Amino acid sequence: MADKKSLGVFGTRDLYDDRIRLKITETIEKGGYTKIVTAGEPHGACEIARKLAQELGMGLETYYLDIKKGRGMFHHRSKNVIENCDYMLVFHDGSSKGTENEVKLLDKMQKPYEYYKYDKKDDWTTDIDLTDIEDIEIG
């Protein structure tokens with residue numbers, strides 16, 4: 001793995017929410033991450049992560065589908081992202097099978113992560129305690 005401390009981001013493709021951007025930014029600042037690792041094609045959370053890396057002038061490492069892998073191309077892309085980051089954020093709508101499979105892969109590979117379930121009715125749930133997160137300013 002590279003010298004830089006890297007944050008991986010997975011998420012459902014149709015999630016576009018300022019809270020995703022804020023959570024990624026908070027995690028970068030709190031954890032001292034210098035690079036984002038994510039998938040190169042998907043919209044939603046991955047797209048927000050890619051744009052944020054560019055806006056903040058930090059490193060960005062993207063992995064793309066390899067059609068030579070056939071039906072396993074999504075698995076291989078996800079595995080590459082997981083192998084090349086130190087920590088993951090996962091944003092899920094509760095129904096996306098792709099994001100669900102990425103969470104299973106994270107567990108199997110024993111990669112540390114935070115999981116956020118996004119309800120399109122504006123409810124957020126998480127499996128971690130967020131009470132110690134400090135306020136930040138996005139420059």
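This tour moves through two helix pairs and two nonpolar cores, with a selection to make at each stop. The model on display is a predicted one.

**Stop 1: helices α1 and α2**

Begin by selecting residues 18-31, which form helix α1, together with residues 45-56, which form helix α2. The axes of these helices lie 10 Å apart, and the two pack at an angle of about 50°. An angle of this kind falls outside the ranges for roughly parallel, roughly antiparallel and roughly perpendicular, and α1 and α2 are therefore oblique to each other. The crossing of α1 past α2 is right-handed.

Now display the side chains where the helices meet. From α1, select Ile20, Arg21, Ile24, Thr25 and Ile28. From α2, add Ala45, Ile48, Ala49, Leu52, Glu55 and Leu56. Coloured by class, this contact shows 8 nonpolar, 1 polar and 2 charged residues.

**Stop 2: the nonpolar cores**

Next, select Leu7, Val9, Ile24, Ile28, Ile36 and Phe91. Within the largest nonpolar core, which has 19 residues, these touch the most other members. Which elements give two or more residues to this core? They are β1 (6-11), α1, α2, β4 (87-92) and β5 (113-119). The largest share, 5 residues, is supplied by α2.

Then clear the selection and choose Phe10, Val90, Leu106 and Tyr113. These belong to a second core, separate from the other, which contains 13 residues.

**Stop 3: helices α3 and α4**

Select residues 73-83 for helix α3 and residues 97-109 for helix α4. Their axes come within 10 Å and cross at roughly 50°, and α3 and α4 are therefore oblique to each other. Here α3 passes α4 in a right-handed crossing.

To see the contact, show His75, Ser78, Lys79, Ile82 and Glu83 on α3, with Glu102, Leu105, Leu106 and Met109 on α4. By class, the contact comprises 4 nonpolar, 2 polar and 3 charged residues. Leu106 deserves a second look: besides its place in this contact, Leu106 is a member of the second core.

**Stop 4: the buried residues of α3**

Finally, keep α3 in view. Which residues of α3 are buried? They are Met73, Arg77, Ser78, Val81 and Ile82. Two of these, Ser78 and Ile82, also appeared in the contact with α4. To see what surrounds the buried residues of α3, display β1, β2 (35-39), β3 (59-63), β4 and α4, against which they pack.

Note on methods. Residues are numbered from 1 along each chain as its sequence is written. This is a predicted model: local features need pLDDT of at least 70, side-chain atom pairs count only at pLDDT 80 or more; totals for chains, interfaces and linings use all residues. Side-chain values use heavy atoms; hydrogens and water are left out. Axes are lines fitted to C-alpha atoms, for helices over the stretch in contact, and angles run from 0 to 180 degrees between N-to-C directions. Helices (H or I, at least four residues) and strands (E, at least two) are DSSP runs, numbered from the N terminus. Angles under 35 degrees count as roughly parallel, over 145 as roughly antiparallel, 65 to 115 as roughly perpendicular and the rest as oblique. A crossing is left-handed if the near helix is turned anticlockwise from the far one by less than a right angle, and right-handed if clockwise. Contact means heavy atoms within 4.5 Å. Ala, Val, Leu, Ile, Met, Phe, Trp, Tyr, Cys and Pro count as nonpolar, Asp, Glu, Lys and Arg as charged, and the others, Gly among them, as polar. A nonpolar core is a set of buried Ala, Val, Leu, Ile, Met, Phe, Trp, Tyr and Cys residues joined through side-chain atoms within 4.5 Å. Buried means under 20% relative accessible area, exposed over 50%, partly exposed in between (1.4 Å probe, protein chains only).
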